[in-house]
Amino acid sequence: MRKLLLNISSLVTVALLLAGCGSEPPATGGRASNVEPQATAQAERTVLPRLYDAVGTVQAKTDIRVEAQVTGRVLEVLVRPGDKVAKGDRMVVLDSRASQTRLERSRQAQASASSMTGQARDALASAQAAFNKAESTWQRMSQLFEQKVVTAEEVEKAESAYLQAKAGLNQAEQGVAAAEARAREAGKVVQEAEIDVGYTTITAQEPGEVAKRLVEPGDLAFPGKELLTLHTGGSMHLEAMVRESLIGRLRLGDGLTVYISALGGKEPLSGVVEEIEPLAAPVTRTFLVKVRLPERPGIYPGMFGRLMVPLGEKEAVLVPREAVRRVGQLETVTVRSEQGWQPVYVRTGETVGDKVEILSGLSGGETVALASDGGN
């Protein structure tokens, strides 16, 4: 029972030592020493921004689903995830034999329609010549009848020939119009067949990077089936969920700090708010915020990121990272006192450049020793 009380008393003492902060007397972590350190620094009291950490995911600015426009068997897939493609680069090749056959048939039909158009125009020329001759004959016979040179029967015969030639001319003109219409239709069919043949070779419509490959040679491609996914549009953006109480602090075009864990998590990136969805998620009560990231190698879609939303300012005490020594879960800073150099228990916060925030244990202005072993 006595041992239990002693253990509880020890835990309470350590907790009280770690809870000290601000201008309260610092909790010492050992005896004072008169050995002068090789380097010292001043505990700096400054003002730091208060930040809210909103987690998010890196996404490509634009994703393009590459699909087939025609049905066909896949012959070749020329790209893999991670490959860079330029506009016009070939990516997937489909079997084009069926499309080529349709193209040849349509070209034959076009040639036949062109030939029929030529024949119809020849027939029109003959009908025009016959009409001109019959019209001239009828007019001459009419004049001769007025001069009492020919009989009425001869005039009627010339008029009948004229009317027949006129009907033949109209029929020939209709034949030419119909032949030309068939030729135009055949030309459209050829054009469609040529487009279908072009669809059997799938090319990149925009420069980008292949993100997914969802098809292999031998697979059947058809309209609506995704074959590849391309990331395009240049830089990436971070999609983060920001709670509703903070969304009023953000505006389009605001510059915010972003940390990408895969880059080490310590080097900040400067992002720009480019989109705020004006609808909160009903379950989490958060808004989707999209922040454009700068061009930076090593950033890929799907990476974890943190968006730092400013909340205001706070006073903080900063010391160099070399001033903090860690033994297990305990952190100490060696401070100059009247008795000499005294270890003091501290509690650290965030890292600001090459300095560490001291949440408790120091009040600012103290002279601290710098450890030559980097604080370990």
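R285 counts as partly exposed, because its relative accessibility is 46%, and this places it between the 20% and 50% cut-offs. In this predicted model, R285 belongs to the loop between β11 (269-276) and β12 (286-292). Its backbone deserves a look too: although R285 is not a glycine, its phi is positive, at about 55°. For context, most residues other than glycine have a negative phi.

K148 also has a positive phi, about 65°, without being a glycine. You will find K148 in the loop between α2 (97-146) and α3. With a relative accessible area of 73%, K148 is exposed, since the word applies over 50%.

Now to helix α3, which covers residues 152-199 and includes E154. E154 is partly exposed, with a relative accessible area of 38%. On the surface, E154 joins E153, E156 and E159 in a patch of negative charge. Helix α3 is also home to N170, a partly exposed residue with a relative accessible area of 36%. Which residue, 42 places away along the chain, has its C-alpha atom 9.2 Å from that of N170? The partner is Q128.

A strand residue comes next: T332 sits in β15, which spans residues 330-337. Is T332 buried or exposed? T332 is buried, because its relative accessible area is 16% and the cut-off for that label is under 20%. Beyond its neighbours within four places in sequence, T332 touches two runs of residues: A323, V324 and R325, and then V344, Y345 and V346.

Here are the accessibility values of these residues side by side.

| Residue | Relative accessible area | Class |
|---|---|---|
| K148 | 73% | exposed |
| R285 | 46% | partly exposed |
| E154 | 38% | partly exposed |
| N170 | 36% | partly exposed |
| T332 | 16% | buried |

Stepping back to the whole protein, the secondary structure consists of three helices and 18 strands. The chain has 376 residues, and 34% of them count as buried. The exposed surface amounts to about 22600 Å², with 51% supplied by carbon and sulfur atoms. How much of the contacts with a separation of 6 or more comes from residues 24 or more positions apart? The share is 75%.

Terms used
Residues numbered from 1 in each chain as written. Predicted model: local features only at pLDDT ≥ 70, side-chain atom pairs only at ≥ 80, totals over all residues. Heavy atoms only, no water. Patch = residues over 30% accessible without salt bridge, like charges linked within 9 Å, V, L, I, M, F, W, Y side chains within 5 Å. Areas by Shrake-Rupley, 256 points an atom, 1.4 Å probe, with all protein chains shown as cover. Salt bridge = Lys/Arg side-chain N within 4 Å of Asp/Glu carboxyl O. Lys, Arg positive; Asp, Glu negative; His and termini not counted. Charge placed at Lys NZ, Arg CZ, Asp CG, Glu CD. Helix = DSSP H or I, 4+ residues; strand = E, 2+ residues; numbered from the N terminus. Buried < 20%, exposed > 50% of the residue type's maximum accessible area, 1.4 Å probe, protein only. Contact = heavy atoms within 4.5 Å.
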